[in-house]
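Biologist: Please take a close look at one part of this model and describe its surroundings. I would also like to hear about the ligand site.

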Amino acid sequence: MGIYLDNAATTQLDNEVFEAMTPYLLEYFGNPSSSHQHGRLVKKAIEDARENIAGLLNASPYEIVFTSGGTEADNTAILSAVQSQNINRVITTPFEHHAVLHTLKSLEKAGAIELSILHVDQQGNIDLHELEQLLDKQGRSLVSVMHANNEIGNLNDIEQIGELCKSYGAVFHSDTVQTMGHYRHDLQKLSTHFLAASAHKFHGPKGVGFIYSSKDIKLTRLLHGGGQERQLRAGTENIHGIIGMAKALEIAYRDMDTHQQYIQSLKNRMITKLSEQIDGVTFNGNSAIAAKSLYTVLSVSLPQALTNQDLLQFLDDNHISVSGGSACSSGNASHVLNAIGADPFRDTVRFSFSKYNTPAEVDFVINKLAGLYNTIAA
Ligand code: PLP
């Protein structure tokens, strides 16, 4: 199947997860809302999954609501802050995922909120003083800042942002879609009202995720219908998805330290070898700084020898799957690279790694790229 280095777009399902899911596709097919034994059995499995996820996050099971993925979790968090908390001022960053940015822009367009977008420097760092000034000036606000950016990998200090929000009485939402299952989130320590998660980013199935919503805040329901999820999210539950997600998170926490070390070593290998073998290579944002970036993502900026499209095509022709920016917006200019003022006359390749990648795969990619650039330079 070739080399897959696009794990920020999605990850391969873990075999252990698949095995945990299959009985809920074949054997335990009841509807959890049914009161008979077929229903009760799956209802219990869902509640066990919720308890397990909550336990890993040091949260209460009541604070976990299952969704169809990260997009729904982000939308629910924002709408809940605006509708159930009567908030009409929102502060965010220019590099949030569109699940956040487009939701906020549509609320702004409808006149429901005033939106402030924080400035970022050329590395993609936000200025916490600017955030504090806005919080001070604006009164009660929603702050939506992602934990790690999906294109350049920058990590934001959500512990510090959470504390700042707490001291100004702001509601804080963090899109943790790229970090859930890759870092430990301890919700007894982290001051946040909402977190968003999506199972397929940590070797779970697609189409399922969850929102963490702290017990002191009321969720607004996005979907109306049945009384599932304690009346908070209508629709028959994605049973096998939920079971798979809980298993995937359990495995992620179980193996996190080993995998983090291993994946970081693949990323370091890529940084070192690319820098040695291709003249003029640089890295976008804080991508190459281990302490400030997601260990799974490396955003590489290359001298423009080909168009970005042709470069991606070259890699695809060599059976290497990567992304040119965010896979969710491929074909369009990246709002993240624009926000950090990236040079439009350079090419960007986002490599994103997982536990299934190998050093040999990294070397293969570097050889191909170095061969291309060195031929063009000759
Ligand atoms: N937020 C971030 C940071 C993401 O990377 C993604 C997906 O790429 C999402 C939200 C949306 O998640 P989903 O595709 O599960 O709805």
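Modeller: What follows covers one helix, two residues that touch it, and then the ligand site.

This is a predicted model, in which local features need pLDDT of at least 70 and side-chain atom pairs count only at pLDDT 80 or more, while totals for chains, interfaces and linings use all residues. Residues are numbered from 1 along each chain as its sequence is written, and side-chain values use heavy atoms, with hydrogens and water left out.

Helix α12 spans residues 359–377. Helices (H or I, at least four residues) and strands (E, at least two) are DSSP runs, numbered from the N terminus. The 19 residues of α12 reach 26 Å from first C-alpha to last, close to the expected 27 Å; the expected span is 1.5 Å times one less than the number of residues. Buried residues of α12 include Val-365, Ile-366, Leu-369 and Leu-372, where buried means under 20% relative accessible area, exposed over 50%, and partly exposed in between (1.4 Å probe, protein chains only). The buried residues of α12 pack against β1 (3–4), α9 (239–277), β10 (297–303), α10 (308–317), β11 and β12 (346–352).

Ile-320 belongs to strand β11, residues 320–321. Ile-320 is buried, at a relative accessible area of 1%. Beyond its neighbours within four places in sequence, Ile-320 is in contact (heavy atoms within 4.5 Å) with Ile-3, Leu-315, Phe-364, Val-365 and Lys-368. Val-365 is 45 residues away from Ile-320 along the chain, yet their C-alpha atoms are separated by 7.3 Å.

Asn-318 sits in the loop between α10 and β11. Asn-318 counts as buried, at 17% relative accessibility. With neighbours within four places in sequence left aside, Asn-318 is in contact with Phe-364 and Lys-368.

Turning to the ligand, 14 residues surround it, the closest being Thr-71, Asp-175, Gln-178, Ser-198 and Lys-201; a residue is near a molecule if one of its heavy atoms lies within 4 Å of it. Helix α4 (residues 70–83) gives the most to this shell, with three residues. A polar side-chain atom of Asp-175 lies 2.7 Å from a ligand nitrogen atom. Ligand oxygen atoms are approached by a polar side-chain atom of Gln-178 at 2.9 Å and by a side-chain N or O atom of Lys-201 at 2.6 Å. The protein covers 88% of the 390 Å² of accessible area that the ligand has on its own, by the Shrake-Rupley method with a 1.4 Å probe.

Notes. Polar contact = N/O pair within 3.5 Å; in protein donor to acceptor, adjacent residues only side chain to side chain.
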